[in-house]
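Please walk through the fold of the protein shown below, moving from strand pairing to sheets, helices and domains.

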Amino acid sequence: MRFAIISVTKEGSTIASEMAQVLKNDPTVMKVDVFHKNVKDTLKSSFYDYDCWVAIMATGIMVRTICPLIKSKLTDPAVLVVSENKKHVISLLSGHLGGANHFSIKIAGLIGAVPVITTATDLKGKLGIDTLAYQYWLQVEQPHLIKEVNQLIADDVKVELYLPKRFQFLTNHPLINRSYQIQTWDESFLRVSLFCNDFPSEGGSNKCLDLHPKRMVAGLGSKKGVTVDQVFFAIRSALQHLHLPFERLDALATADVKKDEEGIITVASQSNLPLEILSLNEIAGFENVDCTPSNLVKREFGVPGVSEPVALIRAGKQSRLVLKKSAYNGVTVAIAVSRD
């Protein structure tokens, strides 16, 4: 995620600097920029360059500034407002699909504040369909139905949620059980059914909202001879940062110099995940601003890195890193997802 922190006072600037230092050490954060004053011009020129804006100022300033800039809940970045006494973090814009509710809890935890969330489903202790999509990296195919689904959930109506086999882990999610009537099916995507019927002419409304999983790939690098337990531990530890289970992954990937590592091969086999091998030439020709080069890897293999580029390449064009490379006892893991 890319964060922008903006302040208008000396006190706010101090909070922004402290917050930025903590966020830069978070493996799920790719970029943090800090701005001071010039709020209107800064947001006008850079509003869509970040996933989340954290404004340390009065709420009214941000409301007046972002009003001409917002376009759609599907594309607007998250916007948070932090009080200068560090008592509250307000989720102001894009609470669900943009992740503002999630980020407000995250930032509040960093500074010891109380998150302020006002979305109806959250206040009822339910999980809105757009929050589900955000948390598990799902593409919403019928976004015009989001409001209707969430209204039903907020009104204590359990809508039907069809889960493919690989998403059965969601049946243990307490908020999902409170919000949906779980069904299983053999398709590869999730579906919310609003009185959906295969035969609309016989009385069904055929109103369904489909959620297609974005492709998620864990890129792996390792020392020679790592064990199965080491690889499993590394991947699970990496996924914990994203609050995701192993089953959410679509594939593992590594470089051809690691194609004979038994630990990696066995983990892929036991997890029923494809292990996708990339040549060093493919990696050498790949560039992405989110990748962090490694001098050690460059000396040994002639490429700037392994785990980050292989994850991005195999996740697909215009994919994004959601977890930068993280080392766990001899195994390095990075995670990337497709754009759609």
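Which residue is the bridge partner of L80 in β5? The bridge partner of L80 in that strand is S91, where strands are DSSP runs of E with at least two residues, helices are runs of H or I with at least four residues, and both are numbered from the N terminus. The model is predicted, so that local features need pLDDT of at least 70 and side-chain atom pairs count only at pLDDT 80 or more, while totals for chains, interfaces and linings use all residues. Residues are numbered from 1 along each chain as its sequence is written, and side-chain values use heavy atoms, with hydrogens and water left out.

The pair L80 and S91 belongs to a longer ladder, in which strand β4 (residues 78-82) and strand β5 (residues 88-93) run antiparallel and are joined by four bridges; two strands are taken to pair if DSSP finds at least two bridges between them. In this ladder V79 stands opposite L93 of β5. The two strands form a hairpin with five residues between them, and K86, which is found in the loop between β4 and β5, has a phi near 60 degrees, a positive value in a residue other than glycine. K86 is partly exposed, with a relative accessible area of 31%, on a scale where buried means under 20%, exposed means over 50% and partly exposed lies in between, computed with a 1.4 Å probe on protein chains only.

On from the hairpin, β5 is joined by three bridges to strand β6 (residues 114-116), and these two strands run parallel, with P115 in β6 as the bridge partner of V89. Both pairings are part of an open sheet of six strands with mixed pairing, in the order β2-β1-β3-β4-β5-β6. Because β2 (31-36) and β6 stand at the edges and have a single partner strand each, one side of each is left without a neighbour in the sheet. The twist averages 20 degrees from one strand to the next, with axes taken as lines fitted to C-alpha atoms (for helices over the stretch in contact) and angles running from 0 to 180 degrees between N-to-C directions.

Helix α1 (residues 10-23) packs on this sheet, touching β1 (2-7), β2 and β3 (52-56), and its direction makes about 165 degrees with that of β1; contact here means heavy atoms within 4.5 Å. Helix α4 (residues 100-111) lies across β1, β3, β4, β5 and β6, and runs at about 35 degrees to β4.

Further along the chain, helix α7 (residues 146-154) has I146, V149, N150, I153 and A154 buried. These residues cover an arc of only 135 degrees around the axis, which puts them on the same side of α7, the arc being that of the directions from the helix axis to the C-beta atoms. Just after α7, D156 takes a positive phi of about 70 degrees.

A second sheet is open as well, with five strands in the order β14-β13-β12-β16-β15 and mixed pairing. Its edges are held by β14 (275-278) and β15 (320-328), each with a single partner strand, so one side of each is left without a neighbour in the sheet. The twist from one strand to the next averages 25 degrees. Strand β13 (residues 251-255) and β14 run parallel and are joined by four bridges, and the bridge partner of A253 in β14 is E276. Helix α10 (residues 262-270) packs on the sheet and touches β12 (216-222), β13 and β14, its direction making about 140 degrees with that of β14. Helix α13 (residues 307-315) lies across β12, β13, β14, β15 and β16 (331-337), and runs at about 30 degrees to β16. In the loop between β15 and β16 lies N329, whose phi is near 50 degrees, a positive value in a residue other than glycine; N329 is exposed, with a relative accessible area of 60%.

How do these parts fit into domains? The chain is divided into domain 1 (2-118), domain 2 (124-213) and domain 3 (216-338), with bounds that come from an automatic or database domain assignment. The centres of domain 1 and domain 3, taken over C-alpha atoms, are separated by 31 Å, and nine residues of domain 1 are in contact with 11 residues of domain 3. Between them these two domains bury about 740 Å², 52% of it on carbon and sulfur atoms, where buried area is the accessible area (1.4 Å probe) that two parts lose on being put together, summed over both.
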